Amino acid sequence: MPALESAFNQLEARLQLLVEGSLARLFPAPAWQAELARGLTEALRHDARPAEAGSAVASMLAPDHYVIFLPAQQARLFQENPGLLAALAEHLRQAALEAGFYFSAMPSLRALPAPEADARHIQVVAHFSQEHSGQTQFLGEPLPTAHAPATTAAAFLIVDGAQLFPLTEVVTNIGRLAENHLAIPNGRISRRHAQLRLVRDRYVIFDLGSSGGTFVNGRRITQCTLQPGDIISLAGVPLVFGADSAEATASTQEILPPRQ
């Protein structure tokens with residue numbers, strides 16, 4: 001739709017201007033500034049949806065949660081100066097509103113170092129926070145498991161490089177069947193392929209006797225305690241494990257502007 005494409009182009013151009021103005025010391029090269037603006041725009045484009053079927057561009061709802069994977073130096077600067085993320089979140093909100101999109105909550109951003117294989121690029125993944133999204137496209141009917149304690153690190157999986165799946169359960173089952181917490185409809189994935197368990201505030205992944213195997217950083221495992229940035233492969237389908245400390249998440253939320 002031409003009007004929608006124009007809105008995305010306007011969003012990207014406006015974001016790049018804002019990044020050049022306030023974050024130039026983090027991204028002195030114009031190519032990096034453009035890549036950050038493009039990454040935020042593409043992440044919003046991937047998950048944006050109409051508020052109602054057949055609604056106009058002005059009624060498009062944008063995802064409110066963004067994870068930015070950056071070169072290690074820039075990620076560290078963001079983490080050490082959370083006010084920069086707050087400023088970027090406000091820039092994103094302003095640019096999106098000007099382009100005809102809106103948020104149901106103030107957008108929140110997190111910065112993490114990119115996996116080693118992608119350390120020279122910026123990647124952004126977006127999703128709707130649970131309070132506004134209901135179940136994601138990977139979720140079947142929720143299984144009767146206990147929720148993770150509120151003090152646990154905010155952990156998540158990046159599924160196949162495109163979908164962010166928050167980890168909110170003490171036990172998370174992964175497989176091809178829809179009854180799994182994380183259902184991945186891929187023929188290479190076993191019906192019940194792997195399981196994540198929260199053990200003493202650390203996530204441990206277990207292979208459930210899958211035919212294609214479970215690998216962490218290229219090594220086949222039967223069980224493995226995960227570290228942020230670990231790359232999991234389920235029969236060739238990649239998942240990246242990420243986690244923020246509860247303290248860091250809380251401090252970042254405190255400095256965000258109030259929800260509109």
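This tour moves from a five-stranded sheet to ring contacts and then to two loop residues.

The model is predicted, so that local features need pLDDT of at least 70 and side-chain atom pairs count only at pLDDT 80 or more, while totals for chains, interfaces and linings use all residues. Residues are numbered from 1 along each chain as its sequence is written, and side-chain values use heavy atoms, with hydrogens and water left out.

Begin with the open sheet, whose five strands (DSSP runs of E, at least two residues, numbered from the N terminus) follow the order S10-S9-S11-S12-S15 with mixed pairing; two strands pair if DSSP finds at least two bridges between them. Its edges are strand S10 (182–183) and strand S15 (223–225), each of which pairs on one side only. Next select strand S12 (residues 202–207), which runs antiparallel to S15 and is joined to that strand by three bridges.

Within this region, pick Phe206, which stands opposite Gln223 in S15. Add Arg197, whose charged end sits over the ring of Phe206 at 3.8 Å from its centre (the criterion is NZ of Lys or CZ of Arg within 6 Å of the ring centre and within 35 degrees of the ring normal). For another such contact, select Arg45, which lies over the face of Phe8 at 4.4 Å from the ring centre.

Finally, turn to backbone angles, bearing in mind that most residues other than glycine have a negative phi. Asn217, in the loop between strand S13 (214–216) and strand S14 (219–220), has a positive phi near 55 degrees. Ala235, in the loop between strand S16 (231–234) and strand S17 (237–244), also has a positive phi near 55 degrees, and Ala235 is buried (under 20% relative accessible area, with exposed over 50% and partly exposed in between, using a 1.4 Å probe and protein chains only), at 14%.

Notes. Helices (H or I, at least four residues) and strands (E, at least two) are DSSP runs, numbered from the N terminus.
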